[in-house]
4 protein chains.
Amino acid sequence: MGIRVSVAGASGYAGGELLRLLAGHPEFDLVAATAHSQAGQRVDAIHPHLTGLDLTFAETTPGRLADADLVFLALPHGQSAAIAAQLPDGVRVVDLGADHRLIDSGSWDRYYGGPHADAWTYGLPELPGQRELIAGSARVASTGCYAATIILALAPLIAAGVAQPADVVVVAASGTSGAGRAAKSHLLASEVMGDLSPYKVGAHQHVPEIKQATGATGLSFTPVLAPIPRGILATVTALPVDGADPRAVLAEAYADAPFVHLLPEGRWPHTAATLGSNSCHLQAGVDVDSGRLIVVSALDNLGKGAAGQAVQNANLMFGLPETTGLSSLGVAP
Amino acid sequence: MGIRVSVAGASGYAGGELLRLLAGHPEFDLVAATAHSQAGQRVDAIHPHLTGLDLTFAETTPGRLADADLVFLALPHGQSAAIAAQLPDGVRVVDLGADHRLIDSGSWDRYYGGPHADAWTYGLPELPGQRELIAGSARVASTGCYAATIILALAPLIAAGVAQPADVVVVAASGTSGAGRAAKSHLLASEVMGDLSPYKVGAHQHVPEIKQATGATGLSFTPVLAPIPRGILATVTALPVDGADPRAVLAEAYADAPFVHLLPEGRWPHTAATLGSNSCHLQAGVDVDSGRLIVVSALDNLGKGAAGQAVQNANLMFGLPETTGLSSLGVAP
Amino acid sequence: MGIRVSVAGASGYAGGELLRLLAGHPEFDLVAATAHSQAGQRVDAIHPHLTGLDLTFAETTPGRLADADLVFLALPHGQSAAIAAQLPDGVRVVDLGADHRLIDSGSWDRYYGGPHADAWTYGLPELPGQRELIAGSARVASTGCYAATIILALAPLIAAGVAQPADVVVVAASGTSGAGRAAKSHLLASEVMGDLSPYKVGAHQHVPEIKQATGATGLSFTPVLAPIPRGILATVTALPVDGADPRAVLAEAYADAPFVHLLPEGRWPHTAATLGSNSCHLQAGVDVDSGRLIVVSALDNLGKGAAGQAVQNANLMFGLPETTGLSSLGVAP
Amino acid sequence: MGIRVSVAGASGYAGGELLRLLAGHPEFDLVAATAHSQAGQRVDAIHPHLTGLDLTFAETTPGRLADADLVFLALPHGQSAAIAAQLPDGVRVVDLGADHRLIDSGSWDRYYGGPHADAWTYGLPELPGQRELIAGSARVASTGCYAATIILALAPLIAAGVAQPADVVVVAASGTSGAGRAAKSHLLASEVMGDLSPYKVGAHQHVPEIKQATGATGLSFTPVLAPIPRGILATVTALPVDGADPRAVLAEAYADAPFVHLLPEGRWPHTAATLGSNSCHLQAGVDVDSGRLIVVSALDNLGKGAAGQAVQNANLMFGLPETTGLSSLGVAP
């Protein structure tokens, strides 16, 4: 018997991707998938792509979840802290929600509201020293999807002193699965297909998370909803500090990161190449006209941006190779 | 060292999917990927989703391919027979093209033209007795993508005598990857997005293959190009012979087939649920108004319709479990 | 002052298209747009593509609507009859809903349910003699979207005796706007993009309408939801009666129809070519293998399938050229 | 007889949109549509959405074009200058290409290359004083599609002194029709659907045009190809000069512009709302975290970004109301 795993919020999109990854994971054995509103239903009635998986949703209760070595919480923001607080210390927990990401309670109040829970180890293994911290933690807060895309592009440049932290400008477009599975009018296919629409302009809740993890001190972030089911493409620009080569910095930062790929010069990242994978593709350059550093970053918001990331963190927490059960290769076209 | 495998035509879409599947296959070791026009290029320059795979395209020559235990031919129709004829008998070959599928040379002349090669063992393991034939063959002609979708829906019903073979009507829509990777105006994104367009109406080259494998004697088949990258949805209707339940027939036919899933009553197949998998989803019913049997079939044209099917056949040819390196689960949403 | 027009249900997709068409109509003056749940809101807050139209939604009441020469009812099926019954005889009414389409109350009960209202003049001007009937009517029931697509393909062939009415098989795919604007999970962009999914297989409510208008006696109809906002593509097949040329029959039937275009031989209809127009494109042939007649029909479900059709009917009711304010040309790519 | 008009390059996407607009224009009479490679073909064989238009492509020769009062040149960049030089002075010309847009030959050399033609009156009527210049010109260079989107967002802010010209950052995504109709592998539907891909990062040829028209002195511009047929969404950010309200500046700048719509506060532009129209939708705000001004701009790249813009310019050149034959309303969903 392997490591026993349960998933809370398994009827959502990130939850469904977790179930898919866990079904192919050689060490983790899925013992419970909970979903409040779908309890009692077969998993493949809600996730038809998981037809062949013989599983029924259970109620999301601490007791049901705790009968495991590892719990993934894939709940709406603000709901995981209450559940997490009732899980025994001996159960390792990876939270895919925002509840335990922010250190600063002022930022939590401004962007989320409600009670502010304590910050857990931040679950982005590619940050310096973070892999070891995660490996030693029983509680890990996995990154947000936009946050992962942008932090991987930006953090090394600020850390190496080649990008100024004060005036970072990011425009990032996301696929619709990032907006969740609740039925809302503006997410109808009729509205989204053929459309590009910005939202939460200058007010997205991932701003403090990105600043906390990168050291950026001023960040203009405009998110855009794009007519793709999965994928985030972030264009990150910052003022240069000196003549340093951003590619060289990124190459060094991710030399040993199995899932972050600095592409060969001349090839820019695009989202479709990362679909279904746990990869993040990066490319960097200097804008000829303005002199700004430009880093483009692409990943699958349900993969490296959510479920894949969470499994990578869990692998580290259990001393497994971080690539276990994950793929660098995308599904395309 | 495992079973040594080479792939011809690896720069196309089916070839790319083969590379992806082989990279995760525990028994097959990819030793050569050939692509005439891309020889010398890195694989990930042509297939960016395979970034992380350290591989360079070689020239497509019999000598280069033959240094392997198993060769997959993913070449345009009409090109594989000449290559295959030069491969040693000891090398097992799976052809994803049409060259060795048709027994009747008149049908070949009418739908394809050019020299007609001999028919190989037909590579659809779910047909009665076919699994064993494939296991004993050194040469297998894998099915066409539309053909696989339609045959899996229809063959058991005609074989069981519950569907009349004389007046079968099929309308099937396919994603664009089925049309290949050559740059053609009508396949441009500007033309395809937002569009549904029929083509080769009543004249598609898979008609004789479907008739040969199912015993249908009259087949009206209308293919439609749909704005999705992958996936085929076929609506297959036939006149009933008697009151037999088509679901019961399909359930029995595929009781032991790991990749063909007759869905629970009330759930109809849809393409997105099969993306990236080797599954075919089926549902059947009787039209209330006309009394016709209706079977709807969905699969991934690059999965069970091409590369996945080919790997499944190869597994059988080498005595491996047919599911080795393949997944029943799709990537969604 | 022109002809005064009001629109009930103006916040939906068909209602929005009516507002767009009426804004460009030289004889009809929009005096009221009603929408129960959006009353008091600006029209462009709900229909951002109508920015520039200075209009506010009113409550949907008979009194509000009746202060006009012409009322369009774009309400959910089952809601227009009650409103219509309260409108004065002197006000002309075009109903885009199903309430007044069916003559047979048994069919109404089976496919819709609820009270069965009397049938009005059927609003498809291209049927023989129908243009004159519509011109003389004060109440017209405009066609359903699938129904219009299929009837235009099929009716002349049965009427001319070249197609057998007994075993008609239709598979038709529709864009998502045909499913309306209510927020439902299965219509989310995440679910629909990249997907083709059949629904109401053998049980769609347009079956009796199609049979009533074409004389078909047996009809197998499978609708498919496609990842496009607008457009219907129908593949209609029927057994031939004799050797008559279906193209010749269609050419004669629509010689004087400004919006029905039989394409030149070799060109098949596709949906994108009809987007935003009031056109229906047709092509016909004989399936080589089965001998079945195949007619493919394409139109914009919100254009000739709903709002455009309704305006065309209204033009006739007011003695205007039927093309007034409508375009044959689509918006592409 | 109205004003006689010919269109060169009528088989492309911008050319097709010109034909559509001209077919509905009450004063312009289309007398010739030329297309080198398609000469002799029916227009609707190449543009199926224009079925109903009885027209055949002619050869693109100065003589054929000059038999008109007005010529639209919708040719690839670098091809219109040679043709234009051979048109008589008495014929008015609107060039949709880049050949006559740039004043600075150094910029032409750097971004386009080849012989640099003289700059014509710049065809963006909404710039201060430009409407009158266009009205008095016999030769007008219509704007580029990205350029129009970005200039309309940025020019008033720099002119009013509320945005700094030195560090403007723009990320803009475009639909595929902006990339033209030539068959290229990376524009295949299989590649584009489900994908977001940046290109010409920091090196797009519209950079000098935008700087010339806005006074920006430093511009970082990253274009992204998006899976929509039409539409551009630009996110334009600039450092503020003082506390001035960017909305107030834009409201004043476009108070009399019939096609530029500053949306009510709280509503952000999105591309689908402008499809098929000649509108540009704008919204502006101040980023809370960084203090940057953010203006989002959306239009239809074939409408206000190309053919609609060209017709608007031509209307002015002939003393017609600038809205003649154009619509503010989009086609949605």
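This dialogue walks through the interface of chain D and chain A in a predicted model.

Reader: How many residues does each chain bring to the contact?
Author: Chain D gives 43 residues, and chain A gives 43 residues.

Reader: How do I read the size of an interface?
Author: The usual figure is the accessible area lost when the parts come together. Here chain D and chain A bury about 3,300 Å² between them. Carbon and sulfur atoms account for 63% of that area.

Reader: Which three residues supply the most of the area that chain D buries against chain A?
Author: Leu196(D), Pro198(D) and Asp289(D). Together they supply 18% of that area.

Reader: How many salt bridges cross the interface?
Author: The rule asks for a Lys or Arg side-chain nitrogen within 4 Å of an Asp or Glu carboxyl oxygen. Four salt bridges between chain D and chain A pass. One of them joins Arg292(D) and Asp167(A), at 2.7 Å from N to O. As for polar contacts, 16 residue pairs count between the two chains, both residues at pLDDT 80 or more.

Reader: Which element of chain D gives the most to the side that touches chain A?
Author: β9(D), with five residues. Elements that each supply at least two residues include β7 (168–174), α9 (207–214), β10 (232–238) and β13 (293–299) of chain D. By class, this side of chain D has 23 nonpolar, 13 polar and seven charged residues.

Reader: What does the UniProt record add for chain A?
Author: An unreviewed entry annotates residues 4–135 of chain A as "domain: Semialdehyde dehydrogenase NAD-binding". In the model, that span is 29% helix and 17% strand. Its end C-alpha atoms lie 18 Å apart.

Key: Residues numbered from 1 in each chain as written. Chains lettered and ligands numbered in written order. Predicted model: local features only at pLDDT ≥ 70, side-chain atom pairs only at ≥ 80, totals over all residues. Heavy atoms only, no water. UniProt positions renumbered as here; feature names shortened; annotations may be inferred. Helix = DSSP H or I, 4+ residues; strand = E, 2+ residues; numbered from the N terminus. Contact = heavy atoms within 4.5 Å. Buried area = accessible area lost by both parts, 1.4 Å probe. Polar contact = N/O pair within 3.5 Å; in protein donor to acceptor, adjacent residues only side chain to side chain. Nonpolar A, V, L, I, M, F, W, Y, C, P; charged D, E, K, R; others polar.
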